[in-house]
Amino acid sequence: METRIILEKQDLTYLKWSHIRTSSGTAGTFLKSESNMDGVKKYYKLSNFDPVNGIVGHECVNEIIVDRMLTLLGVEHLNYELINADIEIEGNTYSTFLCVSEDFKKRGESKIALDNYYRTNAIHGESHYDFCVRNGWQEYIDAMIIVDYLILNRDRHGANIEVLRNARAHSLRIAPLFDHGLSLLYSCMTDADAKTFDVLEDKRCRNFIGSYSCLDNVKLVKNPKRVFKNKLHASDKNKIFEGLENILSETFIDKIWEMIYERYQIYEKL
């Protein structure tokens, strides 16, 4: 799937949404749906939904921002589309931006969360990081750790990293990076919140690999300079936020870029 923004309003009121409680302890609900048309399975996600105020978050926009950043850095990841759509939830119609992705599993593959795979295959006393290294996933995990530091990903729990298995082909691989909604300024609801947000604060995050600190987790990476194929440049701001000018305020765009680029410059000095 190509990363793009569809601004023309789409009628997606036929989708059925399931309630997934946010795992980060924030108020509200994240809703998910899926479709299967012409053999192509697609997954849909909404930003934070409040039954009283409607869709109040901007997590779906974060997916597009991080998607574009990872493309620039040369990191394998799941691509998303951001779609302007009408949807229906419990008989009420809402106009919102949602994100959609295609199934990354290949034919014959099944998926298992990394935490479950670790529980059944780890050596006694083996750390989560060392387990991934033994399975040949060090390059992937190192890149993930640095990415999660750059965007302050608050929710990289064990089910947000998946292992893909094909029993018949005896193949095993780790899924492309996905699910970056609870990152950046997701907790900010207003421009005033964004203006006062400390972009370098090391907030407590749920990380399956390492500790609750994304900053401390960077120390696990032995060769941080080698995790990305490409560099991030100041001029990349335009590429990352193209088409988002009427979706996010200028205050949010500037603050999110400040966060990404200041953290990236710290990473470059490691």
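This tour moves through a predicted model, from helix 1 to helix 4 and then to one residue of helix 4, D148.

**First selection: helix 1.** Please select residues 59–73, which form helix 1. This helix has 15 residues and extends 21 Å between its first and last C-alpha, close to the 21 Å expected at 1.5 Å a residue. Colouring by accessibility is useful here: 13 of the 15 residues are buried, so helix 1 is largely enclosed by the rest of the structure. Next, select G74, just after the helix; this residue takes a positive phi of about 80 degrees.

**Second selection: helix 4.** Keep helix 1 displayed and add residues 138–151, which make up helix 4. The two helices pack at an angle of about 130 degrees, and their axes are 12 Å apart. That angle makes helix 1 oblique to helix 4. The crossing of helix 1 past helix 4 is right-handed.

**Third selection: the contact.** Which residues of helix 1 and helix 4 make the contact? On helix 1, select V66, M69, L70 and L73; on helix 4, select V147, L150 and I151. By class, this contact comprises seven nonpolar residues, with no polar and no charged ones.

**Final selection: D148.** Remain on helix 4 and select D148, which lies within that helix. Is D148 buried or exposed? Its relative accessibility is 3%, under the 20% limit, so D148 counts as buried. To view its surroundings, display N153, R156 and C214: D148 is in contact with these residues, leaving aside its neighbours within four places in sequence.

Key
Residues numbered from 1 in each chain as written. Predicted model: local features only at pLDDT ≥ 70, side-chain atom pairs only at ≥ 80, totals over all residues. Heavy atoms only, no water. Helix = DSSP H or I, 4+ residues; strand = E, 2+ residues; numbered from the N terminus. Expected span 1.5 Å × (residues − 1). Buried < 20%, exposed > 50% of the residue type's maximum accessible area, 1.4 Å probe, protein only. Axes fitted to C-alpha atoms, helices over the stretch in contact; angles between N-to-C directions. Parallel < 35°, antiparallel > 145°, perpendicular 65-115°, else oblique. Left-handed = near helix turned anticlockwise from the far one by under 90°. Contact = heavy atoms within 4.5 Å. Nonpolar A, V, L, I, M, F, W, Y, C, P; charged D, E, K, R; others polar.
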